[in-house]
Amino acid sequence: MSLRAAEKDSASEIHIPADIDWHMLDKSKFFFLGAALFSGVSAALYPIVVLKTRQQVSPTQISCLKMSCAMMRHEGPRGFYRGFGTSLMGTIPARALYMTALEVTKSNVGTVTVRLGFSDTTAMAIANAAAGLSSAMAAQLVWTPIDVVSQRLMVQGCSTSSKNILPNVSSYKYSNGLDAFRKIVHADGLRGLYRGFGISTLTYAPSNAVWWASYSVAHRLIWGGFGCYMCKKDESGSANRPDCRAMLAVQGLSAAMASGVSALITMPLDTVKTRLQVLDAEENGQRRPLTIMQTVRNLVREGGFAACYRGLGPRWASMSMSATTMVTTYEFLKRMSTKSQGSYPS
């Protein structure tokens with residue numbers, strides 16, 4: 001018995017559309033449409049990511065409004081899209097890896113957990129957590145180098161727009177993503193592109209596991225508690241079926257709730273990771289990468305444990321909006337990419 005079959009059986013009163021498994025998808029359509037849809041989502045949310053990154057590397061607390069005004073005054077609208085081209089080019093292969101690992105793991109682990117006798121809700125939570133963990137680990141192979149390059153470009157304008165509030169930002173000036181790539185490899189070797197890889201994996205793998213598990217549980221709880229108010233009787237009058245607007249509302253609310261939990265738990269790790277990838281230490285007139293312990297000590301010295309939560313507002317907003325648009329887009333993408341029923345085994 002598969003996870004999809006278990007989910008279908010459990011929806012006896014409220015007929016929620018069953019989940020779409022990996023084998024049910026037209027892969028070429030899935031990846032092509034996914035690249036287009038998620039590129040649009042990334043473009044819409046990128047300015048918030050830039051704000052979050054600059055707040056995290058700042059040695060003092062600066063409000064989003066003050067930083068936004070300074071960026072607009074000194075750099076113009078282009079300042080909010082520094083490094084976007086590099087980020088977009090990396091997002092496409094990273095998303096492909098992420099979605100493949102997510103769907104394959106969720107389908108296989110879900111089937112195994114149902115066969116082991118777990119309840120439907122527990123099986124889905126375990127499958128989603130495992131899928132989130134594996135997809136984040138796979139995507140980090142591409143995302144970490146892209147993060148390092150794009151974040152260097154994001155904070156490059158800080159010295160002019162904020163009067164040197166970031167004294168430890170790399171002294172190199174980059175003209176574009178390719179130039180940044182060359183200079184990082186020349187200065188630090190290939191290891192420079194994977195600076196913070198370990199802590200990135202420690203940040204995003206648990207974060208994704210927590211997010212997908214929380215999303216799965218919230219999704220089921222919301223339908224269980226309020227589903228009867230959001231559904232309509234079908235033509236026979238024997239079953240409640242949700243309309244598209246109700247499904248979107250539940251997906252969006254579940255995603256926002258999961259993002260809040262995930263952001264609070266992983267924010268300190270994300271701040272340390274960002275600083276490791278962007279800032280350098282200066283010793284005997286030479287710059288070198290910071291260690292994790294040096295980064296943590298600097299943070300605590302600058303503002304105590306609260307300094308680890310700099311940029312929490314933009315990150316929470318970014319994660320909530322990103323997750324809401326991502327999950328609704330993702331569910332839409334899966335339904336757009338589904339094969340005809342005769343093309344896959346029942």
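Helices and strands are here DSSP runs, a helix having at least four residues and a strand at least two. Over residues 30-49 of this predicted model, the chain is 100% helix and 0% strand, with the end C-alpha atoms 26 Å apart. The protein as a whole holds 11 helices and four strands. Of its 346 residues, 53% are buried. Among contacts with a separation of 6 or more, 79% join residues 24 or more positions apart.

**The annotated region**

- The UniProt annotation "transmembrane region", taken from an unreviewed entry, covers residues 30-49.
- Tyr46, a residue with an aromatic ring, is linked by ring pairs with Tyr81 and Phe84 into a cluster.

**Helix 5**

- Helix 5 comprises residues 120-154, and its end C-alpha atoms span only 44 Å, whereas a straight helix of 35 residues would span 51 Å at 1.5 Å a residue.
- A bend of about 50° occurs in helix 5 at Gln140.
- The helix is mostly covered, with 25 of its 35 residues buried.
- Arg152 belongs to helix 5, and it counts as buried because its relative accessibility is 4%, under the cut-off of 20%.
- Arg152 and Arg82 are separated by 70 residues in sequence, yet their C-alpha atoms are 9.1 Å apart in space.

**Helix 4 and its links to helix 5**

- Thr105 has its place in helix 4.
- With a relative accessible area of 18%, Thr105 is buried, since buried means under 20%.
- Leaving aside neighbours within four places in sequence, Thr105 is in contact with Gly110, Ala130, Ala131 and Ser134.
- The structure contains nine aromatic pairs.
- One of the aromatic pairs is formed by Tyr98 and Trp143, which meet edge-to-face at 6.0 Å centre to centre, with 65° between the planes.
- This pair links distant parts of the chain: Tyr98 lies in helix 4 (residues 84-115) and Trp143 in helix 5, 45 residues apart.
- Tyr98 and Trp143 are both buried.

**An aromatic pair within helix 8**

- Trp212 and Tyr215 also form an edge-to-face aromatic pair, at 5.9 Å centre to centre and with 85° between the planes.
- Both residues lie in helix 8 (residues 197-230), three residues apart, which is about one turn of the helix.
- An α-helix has 3.6 residues a turn, so residues three or four places apart point the same way.
- Trp212 is buried because its relative accessible area is 2%.
- Tyr215 is likewise buried, with a relative accessible area of 5%.

**Helix 9**

- Ala246 is placed in helix 9, and its relative accessible area of 8% makes it buried.
- Ala246 and Trp223 lie 23 residues apart in sequence and 9.8 Å apart in space, C-alpha to C-alpha.
- Arg275 is found in helix 9, which covers residues 244-278.
- At 3% relative accessibility, Arg275 counts as buried.
- Not counting residues up to four places away in sequence, Arg275 touches Gln56, Val57, Ser58, Pro59, Leu290, Thr295, Asn298, Leu299, Glu302 and Arg310.

**Helix 10**

- Helix 10 (residues 292-303) has 12 residues and should span 16 Å at 1.5 Å a residue, so the 17 Å between its end C-alpha atoms agrees with expectation.
- Its buried residues are Gln294, Thr295, Asn298 and Leu299.
- These buried residues cover an arc of only 135° around the axis and are therefore on the same side of helix 10.
- Three residues of this buried set, Thr295, Asn298 and Leu299, are among those that Arg275 touches.
- On the other side of helix 10, Met293 and Arg301 are exposed.
- Gly304 follows helix 10 and has a positive phi, near 70°.

Note on methods: Residues numbered from 1 in each chain as written. Predicted model: local features only at pLDDT ≥ 70, side-chain atom pairs only at ≥ 80, totals over all residues. Heavy atoms only, no water. Expected span 1.5 Å × (residues − 1). Bend = angle between axes of the 7 residues up to and from the residue. Buried < 20%, exposed > 50% of the residue type's maximum accessible area, 1.4 Å probe, protein only. UniProt positions renumbered as here; feature names shortened; annotations may be inferred. Contact = heavy atoms within 4.5 Å. Arc of directions from axis to C-beta. Phe/Tyr/Trp six-rings, centres within 6.5 Å; stacked < 30°, edge-to-face > 60°.
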